[in-house]
Each structure stands twice: as C-alpha cells, then as structure tokens.
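Visitor: I would like a close look at a single part of this model, with attention to its surface and the segments around it. Please take me through it in one connected account.

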Amino acid sequence: MSWPKVVLVLLVAAGGGAVRAQEADEAVESTALPDDVTDVLVSVSHLCHFEKPLQDPTDLDGDQYCDCDVHSSGPSGLPEVHIDCRRHQLRDDFWQGYEQLPQSTVRLDLAYNALTAVPRLSGETLQYLRLAHNQITAVPDKVFANLSSLQELDLSGNRIELLGTDALAGLGKLKLIDLSDNRIASIEVNAFSNALALHRLVLSNNSLGAFFNRTESDLYLRLGVTNRLAVLEMQRCNLSDINLASGVGLERALLGHNPLQQLSNLPKQLSHLDVSGTPIRSLPARFLPHLLHLETLIMQDMPILYTLEQYALYGLPRLAMLNLQGSRNLSTIHAHVFGQNVVRNETDTELKRLILKGTNIRTLNSTLQPAFENLRLLDIRGAPLRCDCELRWLRELPNLTTLGICVRPSALREQRFGMIEPHQFQCRAEQFWIYTVFNVVLAILLIVLISVGIFLIVRAIRPKPHVQLRMVGANSPYARVTIEPNRAEVL
C-alpha cells in the first residue's frame, strides 16, 4: 500500500536561514501513517526549508545553513524534526518576534552562536533545547511559556547573572536544566517552582557561595525545588556549607571542588556523594552525617588531605565504593576510621571497591580487617607500599584482588602485591629473632665441639690400658742399691 506524499512546506526569510532537506518520500517509506493522515504542514520558519531534496550530504558545520533532518520515531512512526544550528553565527537580529518552529520539531540546537538574548520560540512538540556557549546575559520571565513539552534545557556557558522567579514559567514537564559555567550570583525565591518534574539540576561553576552562605536556608524551601529532584550538581560554586535536608528524593549530589567545612545537612537517603577537590587537611568524624543509604563516596584529587581520622566514615553501613584516587598527600587511614566497637557492628560495611591509586599510603592497619571482609577490589597503584608483616593480613584476605607494586623492602621491590606469597611479608623484628636463634644454636654447637676436642686431648695423653705399674719396696729386686767403699781397702 502506498501512502499519500508527506509535504513539508517551509519558507526561507530573506535574512538568513537555510537548508538541509530530505525527500518527503523517504520519510514516508520509513513511516507507517494512519489512514486519516494525508499530509503534514509546517509553518513559516527561519531555520529550515524542506521543499528541495538533499543535494549535498557533506553539508559543513561552518556554513550559514542549519541542518534540518526528519526522523521516524517510536511505535507510532510519526516523523520528528531535528534542527542543528551549531556554529552558524546566528545573532539576535535573526529572529523576528516569536519563532514558530516546524511542526513535529523535537530537537533544536542553537549552541556556539552569538546570541545575547534568549530567542522567543513557539513549538508544542519541542523537547530538547540547547542554547549553550552563547553570550546570553539574562533569562526573561516566561520566555519559554510556549514550549510546554520541553524536557531538557541547556543554558550552560553563557553570561547569566540572575535567575528570576518566572524565568521557567510554563515548563511543567522540564526534567533537566543545565545552568553551569555562567555568572549566576543570585537566584530569586521559588525560581524552580514552575519546574514540577525537575529531575536533574546543574549549577556548577557559578559564584553561589556568598548567596547560600548569606541565606543559610534550605535550598529546596528557598528555591522551590520539588522532591522529584534526584541529581544535584554544584561543583566549583565556592560553597562552605549547604543545606539539603529537605531533599527527600535526592539520590546523587556532586559538590566537589568547594571549600566545604562540613556537610551536616544532607538527606539520609542519598546514595552517591562526590566531594572531590575539597581543601581539607584531615577528614574529621563529624564532616559527614550518618548516611544510611550512601553507596558511593568520591573524594578524588584532594590536594592537602593527609589523614582520615577516627570515625570519619562511621555511619555509612551500605558504603560499597570509596574512591580517594589522586589525593597524593593522603598517608594515614586511622585504624578505627569505620568505627571501633565490633560488638555493636560499628565496623560492618559493604565495602567492595576501595581506590587508593596515586596516594601516599604505605601500610594499612590490621584493625581494618572487619571492614574489609566484603572487599573485592583494592587499587593502590602508585602508592609507596611497604610490603612487610603489617600487610600480611591484607594478602591473606580471600576473594580480594589487590593492584599495587611494592617499594619496600628491597627484596620485594617492583614486585606485584598480589603475586607475593603471604610468608614473604616479613618485618625486621621477625628477621632479627631468627638471626638470634641461629646465633645461639651456633654458639652451643661450638661449645659442644670444643668440649669434645678437650676430652679427646685429655684422653690421648693418658697412659694406655696395657701398661702396668709395679710398686718398688725395700725387698724388691728393683730397689735402690747403695754401694759403699770397701773398708778393708781403706785400712
């Protein structure tokens, strides 16, 4: 069965816009339309012209034209229009009042242009709008009111300084908004209250520290964020603290590279926390609250972190992933960092992955063994490991894969940790004891040998058994005889 031809009619304004076209027949061939659909009419637009077929498939991104493509989507097979106007040097004078988008337009990308103001667009089907990396300085109230189906809005990389209360009016279906890399220093009360379905909020790389430190109020209550927000990104915002206690639905918080002193007001159901780059010398016990559902803790590239103190990671019973990669000065992990009382199960964790790559860790105390019972991967590559008797317990843990190279002692230098047998992990004290025992045994043997030699010498100089000694008496023929001169001769 052949369907009637779908005609997409567009007019091109004298000032600009142009053209990436596709034959309507191709869209029809890949699309099964209902019987009652005979054509699709698109209103006047400055962006696209579909009358002519595609002449140049190698359309360059640097030319003056937008790329407008028709795609089939979903079970219904209805066509979707995707408009790509990146790097087309569009300016504010390109627009004339409200810009009516072509019917069935779902995506519009206006990134990397020279816009200083948000264009006023109208399109009932638009779901994805990208205005990143322009020169936009403000978001007027209700500027998106005619984009009721919008789900993702990207305003990153602009020069926005303030977000007003009604800036997002009419965006009841918005799920993601990216405001990163702007100059936002203040946000008006209830600025996000119109975004009832907001799932992810990105505010990274904005100078919001003074704003939040001054207000000291809950982010949710002050800005009108609903409990549907699951992901919050506020990296490099110059925050010393932030109150997220009302975020019942928050699952992931990315708060890295901020001068945080503590994070005592976090929701307990948080499952992913990133505080990488925090400039603290030691992680104290009260830096984090008890997060009973936290599974992943990222603390990468903390340049002046030296110690994880006692009880620093206490109250994280479901922690499965701990990443300290790149914290090059970290040299000490306290023996009771997870807790001390074994009877109360303070040390019980579900830790499965521990990343210490690029740190200054030389050894780990055997008191950590209860917390490492479920550990499956330990990555300590790049650390100056001292593979002696203090790490023997780590080598003996079952089901553990350890990645690392020994630096000391010299007998084990450059050997892989996992390839060394447990009995080879020895300390100098153990070796000294062995040498002492050996020396004592050797001394005893020398004494025995000397004694045997003396005995043999004495035995050799004694008379032999067959020699008999006879007594010499007065009547013995061997008695001394005294010969006196003859008296007669003398006379």
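Guide: Val 441 has a relative accessibility of 43%, and because partly exposed covers the range between 20% and 50%, this residue falls in that class. The model is a predicted one, and every value quoted here is computed from it. Val 441 belongs to helix α5, and on the surface it joins Val 437, Phe 438, Leu 442, Leu 445, Leu 446 and Leu 449 in a nonpolar patch of about 660 Å². A residue must exceed 30% relative accessible area to enter such a patch, so the 43% of Val 441 satisfies that condition.

Helix α5 spans residues 428-461, and a loop connects strand β24 (406-408) with this helix. Within that loop lies Arg 413, which is partly exposed because its relative accessibility is 46%. Arg 413 also takes part in a surface patch of another kind: together with Arg 362, Arg 408 and Arg 428 it forms a gathering of positive charge.

Arg 408 has a further role in the backbone geometry, since the peptide bond between Arg 408 and Pro 409 is cis, with omega at about -5°. Pro 409 is located in the loop between β24 and α5. Most peptide bonds are trans, and most residues other than glycine have a negative phi.

Two further backbone features concern phi. Asp 181 is not a glycine, yet its phi is positive, near 55°. This residue sits in the loop between β9 (176-178) and β10 (186-187), and its relative accessible area of 40% is why it is classed as partly exposed. Asn 190, also not a glycine, has a positive phi of about 60°. Asn 190 is placed in the loop between β10 and β11 (200-202); with 32% relative accessibility, it is partly exposed.

Elsewhere in the chain, an open sheet consists of 3 strands in the order β15-β17-β19, with parallel pairing. The edge positions are taken by β15 (282-283) and β19 (332-333); each has a single partner strand, and therefore one side of each has no neighbour in the sheet. Strand β17 (residues 307-308) is joined to β19 by 2 bridges in the parallel sense, and Thr 307 faces Thr 332 of β19.

Terms used
Residues numbered from 1 in each chain as written. Predicted model: local features only at pLDDT ≥ 70, side-chain atom pairs only at ≥ 80, totals over all residues. Heavy atoms only, no water. Patch = residues over 30% accessible without salt bridge, like charges linked within 9 Å, V, L, I, M, F, W, Y side chains within 5 Å. Areas by Shrake-Rupley, 256 points an atom, 1.4 Å probe, with all protein chains shown as cover. Salt bridge = Lys/Arg side-chain N within 4 Å of Asp/Glu carboxyl O. Lys, Arg positive; Asp, Glu negative; His and termini not counted. Charge placed at Lys NZ, Arg CZ, Asp CG, Glu CD. Helix = DSSP H or I, 4+ residues; strand = E, 2+ residues; numbered from the N terminus. Buried < 20%, exposed > 50% of the residue type's maximum accessible area, 1.4 Å probe, protein only. Pairing = 2+ DSSP bridges.
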